[in-house]
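Let's take a walk through this model, from its nonpolar core to the place where its domains touch.

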Amino acid sequence: MRAALLVSLLFLSQSCDKPTASRPFKAKVVVSTEDGYRWQELEFKYLQDPDRMRGDIGDIVGGVVFNIIFDTDIVKEDPESLYSKKGGDVKTDYLLEDGVILAQNMDTLAMFSLYKAFEICVDFWKDHFGLSLEDQKPSRLLYDPQYFFEVEGTRVSAVRKRNASYLLQTGDFMINKTSSTEHVPLKVNLAVLAHEYGHKIFNIQFARRDVTFYETKNKRAETQLLGINEGWADFASWLLTQRAHEFEASIPALGKERSLPVSWTNSQLIKEGGAICGGQYYCKGSLLASSLYELSQMGTWDAMTVGKHVFDALLTFRDDWEAHKNEETFDFYYFLIRIVNEFEEGERAGVCTVFKKWFDDPFTLESMKLTCPD
Ligand SMILES: [Zn+2]
């Protein structure tokens with residue numbers, strides 16, 4: 001008798017605890033606003049299943065284990081071999097208040113906020129740059145992935161924090177576990193997600209989703225391209241948020257090297273290196289982002305016009321990479337020249353002035369001489 005009662009109670013609690021949300025789904029999420037991060041009630045456009053966080057622009061996936069020691073050749077054939085566990089559905093926990101989803105734990109709050117931020121990214125590139133949902137393709141957002149690697153024959157698991165990333169091989173986003181040292185969690189910081197989404201756009205526009213397109217025999221050229229990709233992603237992030245200090249909302253120390261504009265030029269970076277900026281190829285990327293930011297702030301062009309020219313230049317810059325990627329002299333100037341040439345002839349001198357201010361080293365100035373004469 002007691003057993004029967006217990007069973008029925010469990011059954012009752014299971015059948016009652018899940019509210020049914022109805023379309024259009026609305027949830028209280030954390031969003032970035034002019035006045036910092038705020039709780040807001042927002043409507044979802046692409047979310048189809050709020051219980052499992054699946055939708056038209058992609059799904060949040062949990063329980064993924066990333067294999068750090070992957071075999072590059074195998075991954076080329078089978079990108080999914082990057083994962084030793086492919087993961088599956090996440091499960092949210094929420095209540096409904098007047099039809100609005102109220103998260104009942106931190107992960108659920110983060111997942112709804114994250115999904116909303118991705119909706120904003122997708123719409124930004126759709127509405128301003130004409131990339132349809134089909135062009136962009138859905139993304140998998142790997143939530144709190146684990147990492148496996150081997151130390152002296154022993155398999156070790158780890159979690160990465162204070163970072164997020166876009167995986168070229170699979171087109172997935174790694175939304176890493178939140179560190180207690182992050183202020184606003186990176187996984188709900190719109191600028192961080194917009195930066196990662198910028199890498200996805202770079203991959204569509206520049207590499208046409210071909211992971212082998214990035215390959216080069218020249219290590220230096222590879223680093224230059226990484227820097228260009230980072231600079232583009234930071235500019236793309238700013239273009240979307242229009243706020244230059246958004247990364248700092250999560251990690252204040254990022255401000256010095258990533259908030260736009262930075263305080264050094266390329267000749268200073270070459271001379272002083274790590275003393276001026278410790279972020280390796282990100283540092284030169286920040287120069288690219290700062291120069292594009294300045295072009296957008298001069299009052300001559302609106303930010304979206306500059307953004308469109310840079311976006312279009314990614315297409316033509318493809319040819320430069322293909323032709324010169326194995327050369328020791330491959331550098332940012334190829335991309336800068338492509339950007340200059342996207343502007344009307346009468347506008348180019350003004351664009352050159354800004355690029356020459358940031359990339360003021362003799363090598364870049366000499367390399368751009370034909371496009372940007374003195
Ligand atoms: Zn990046």
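Here is how the parts fit together.

This is a predicted model, where local features need pLDDT of at least 70, side-chain atom pairs count only at pLDDT 80 or more, and totals for chains, interfaces and linings use all residues. Numbering starts from 1 along each chain as its sequence is written.

An automatic or database assignment sets the domain bounds, and the pieces look like this:

| Domain | Residues | Residues in the contact |
|---|---|---|
| domain 1 | 30-188 | 13 residues |
| domain 2 | 216-374 | 8 residues |

Their C-alpha centres lie 28 Å apart. On the side of domain 1 that touches domain 2, β2 (36-43) and α3 are the elements giving two or more residues, with α3 supplying the largest share, 4 residues. (Helices, H or I of at least four residues, and strands, E of at least two, are DSSP runs numbered from the N terminus; contact means C-beta atoms, placed from the backbone, within 7 Å.)

Now the largest nonpolar core: it has 95 residues, and Leu114 and Leu336 touch the most other members. Such a core is a set of buried Ala, Val, Leu, Ile, Met, Phe, Trp, Tyr and Cys residues joined through C-beta atoms within 7 Å. Helix α3 (residues 106-129) gives the largest share of this core, 11 residues. Beyond its neighbours within four places in sequence, Leu336 contacts Phe355, Phe359 and Met368.

Over in helix α12 (residues 348-358), Val351, Val354, Phe355 and Trp358 are buried, meaning 20 or more other C-beta atoms lie within 10 Å of their own. These four share one side of α12 because they cover an arc of only 95° around the axis, taken from the directions from the helix axis to the C-beta atoms. Their cover includes α8 (266-272), α9 (281-297) and α11 (333-342).

Terms used. A residue is buried if 20 or more other C-beta atoms lie within 10 Å of its own, exposed if 12 or fewer, and partly exposed in between; C-beta atoms are placed from the backbone. Two residues are in contact if their C-beta atoms, placed from the backbone, lie within 7 Å.
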